[in-house]
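Hi,

Here is the structure I promised to pass on. Have a look at it first, and then read on for what turned up in it.

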Amino acid sequence: MRNAWAVVAMIMLGCGPSASRPPGTGDPVDGATGPIVDAAACATETAAASTVIRPVDIIWVIDNSGSMDAEEARVQSNMNGFASSIAASGTDYHVIVINDTSHVNVPPPLGGSPELLNVNVNIDSHNALENLVAAYPTYQSFLRPTSVKHIVVVSDDESGWSKATFESQLGALTAPGFGTGWRLHAVVAESPPYIQGHCFLLSAAAGSTYISLQTAHNGTFFSLCETNWSPLFATLAQSVTQGLALPCTFSIPAPTSGQSIDPTHVNFVYTPTNGQPQTIANARPAARCNGGPGPYYDNPAPPTEILTCPATCSTLGSDPGGTVSVQFGCATVIQ
């Protein structure tokens, strides 16, 4: 579903009186000093800008221990329907399956397609999270920098890594890494009493660590004790295709009337539903977010998108009646 945010790109064609830039500051691209121009004094021409629909990367990590035969078969038989549901929504998706491919090997049409990457690593009862991190160089290039990343763990046992260890190790991965908005879905056994009375035959232990990660990272829980997995795949497909049109990434529109856009002269102005316009300073670059607000470019030169720091993204998402103006033509205000 498209986000209800109103977004307007203001292409500044001429600027009026200016004030001095504070000493020691430079713009976020080339470091040059210059005036901060009063945006209200600039002549403007408007052009439509839209929020960017983010792609999704879904990483399945499947326990290959000997007690997982039935569960592996359910994953393999449902994976094509899962991919078809995502494709039907128009979502740009990648699927990565980390497991011993002699256990789960997704058949066509997803199998053999450019949307699927198989990572042939044996996953035992306790090392799903550890191997997800260790195998990163194998699937790193298959991840997209702007994607929403979903991790799905299928296991009939408990993790050898703690929640804190996994979060720390995953957070250390870069280029592109997982960022802060990743989600984890747990297909594991819960603590007794079980949803199915016979679950003790299907599970070696409750997946408490996976459930804790799922709760903390906005994921879906599905009991390994269930024998009908169709609802699992339907719920996951719905989950990964929702909330993609976030007001956190903005495409830069082509200027009209033969004008060009100078990325050193761009300001990001947020107007709350019940408030006055406020210019949010550029973060230059993403690493400078440090928990604070700000927009920044996907690439310094030439930029194609304006992204927002998590703090700004959260602010925008909590105010669906607000507006954003991406103003081109006045020297950038930076942190």
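A small warm-up while you have it open: which residue stands opposite Thr-308 in β15? It's Pro-295, and I'll come back to that corner further down. Before anything else, please keep in mind that this is a predicted model.

**The overall picture**

The protein has 335 residues, and 49% of them are buried. Seven helices and 16 strands make up its secondary structure. Of the contacts with a separation of 6 or more, 74% are between residues 24 or more positions apart. As for the outside, the accessible surface is about 14500 Å², with carbon and sulfur atoms accounting for 54% of that.

**The six-stranded sheet**

A good place to start is the open sheet of six strands, which pair in parallel in the order β7-β6-β5-β8-β9-β10. The edges are β7 (116–120) and β10 (221–223); each has a single partner strand, so one side of each has no neighbour in the sheet. Going from one strand to the next, the twist averages 15°.

Within that sheet, look at β5 (residues 56–62) and β8 (residues 148–154): they run parallel and are joined by seven bridges. If you want a landmark for this pairing, find Ile-62, which has Val-154 of β8 opposite.

**Salt bridges**

How many salt bridges does a search of the whole structure find? The total is three, and two of them share Arg-144.

One joins Arg-144 to Asp-57, with the closest N and O atoms 2.7 Å apart. Asp-57 sits in strand β5 while Arg-144 is in the loop between α3 (136–139) and β8, so this pair ties together parts that are 87 residues apart in sequence. Asp-57 is buried, at 0% relative accessibility. Arg-144 is buried too, with a relative accessible area of 14%.

Another links the side chains of Arg-144 and Asp-92, at 3.3 Å from N to O. This one also connects distant parts of the chain: Asp-92 belongs to the loop between α1 (69–88) and β6 (93–99), and the two residues are 52 apart. Asp-92 is partly exposed, with a relative accessible area of 44%. Taken together, Asp-57, Asp-92 and Arg-144 form a network of salt bridges.

The remaining pair is Lys-163 and Glu-167, whose side chains meet at 2.9 Å, N to O. Both are in helix α4 (residues 163–171), four residues apart, or about one turn of the helix. Lys-163 is partly exposed at a relative accessible area of 29%, and Glu-167 is partly exposed at 24%.

**Where α1 meets α6**

Next, have a look at α1 and helix α6 (residues 230–240). Their axes come within 9 Å and cross at roughly 35°, and the crossing is right-handed. On the α1 side, the contact is made by Arg-74, Val-75, Asn-78, Met-79, Phe-82, Ser-85 and Ile-86. Facing them from α6 are Ser-230, Phe-233, Leu-236, Ala-237 and Val-240.

Ala-83 is worth finding here as well. Is it buried or exposed? Ala-83, which lies in helix α1, has a relative accessible area of 4%, so it counts as buried. Ala-83 and Ala-237 are 154 residues apart in sequence, yet their C-alpha atoms are 7.7 Å apart in space. Leaving aside residues up to four places away in sequence, Ala-83 touches Tyr-93 and Leu-110.

**Back to β15**

Finally, the corner from the warm-up. Strand β15 (residues 305–308) sends Glu-305 and Leu-307 one way and Ile-306 and Thr-308 the other way, and all of these are buried.

β15 pairs with β11 (residues 249–251) in an antiparallel arrangement with three bridges, and there Ser-251 stands opposite Glu-305. β15 also pairs with β14 (residues 295–297), again antiparallel and over three bridges. That second pairing is where Pro-295 stands opposite Thr-308.

Over to you now. Enjoy exploring!

How values were computed
Residues are numbered from 1 along each chain as its sequence is written. This is a predicted model: local features need pLDDT of at least 70, side-chain atom pairs count only at pLDDT 80 or more; totals for chains, interfaces and linings use all residues. Side-chain values use heavy atoms; hydrogens and water are left out. Two strands pair if DSSP finds at least two bridges between them. Axes are lines fitted to C-alpha atoms, for helices over the stretch in contact, and angles run from 0 to 180 degrees between N-to-C directions. Buried means under 20% relative accessible area, exposed over 50%, partly exposed in between (1.4 Å probe, protein chains only). Contact means heavy atoms within 4.5 Å. Accessible areas come from the Shrake-Rupley method with a 1.4 Å probe; for residues, only the protein chains shown count as cover. A salt bridge is a side-chain nitrogen of Lys or Arg within 4 Å of a carboxyl oxygen of Asp or Glu. A crossing is left-handed if the near helix is turned anticlockwise from the far one by less than a right angle, and right-handed if clockwise.
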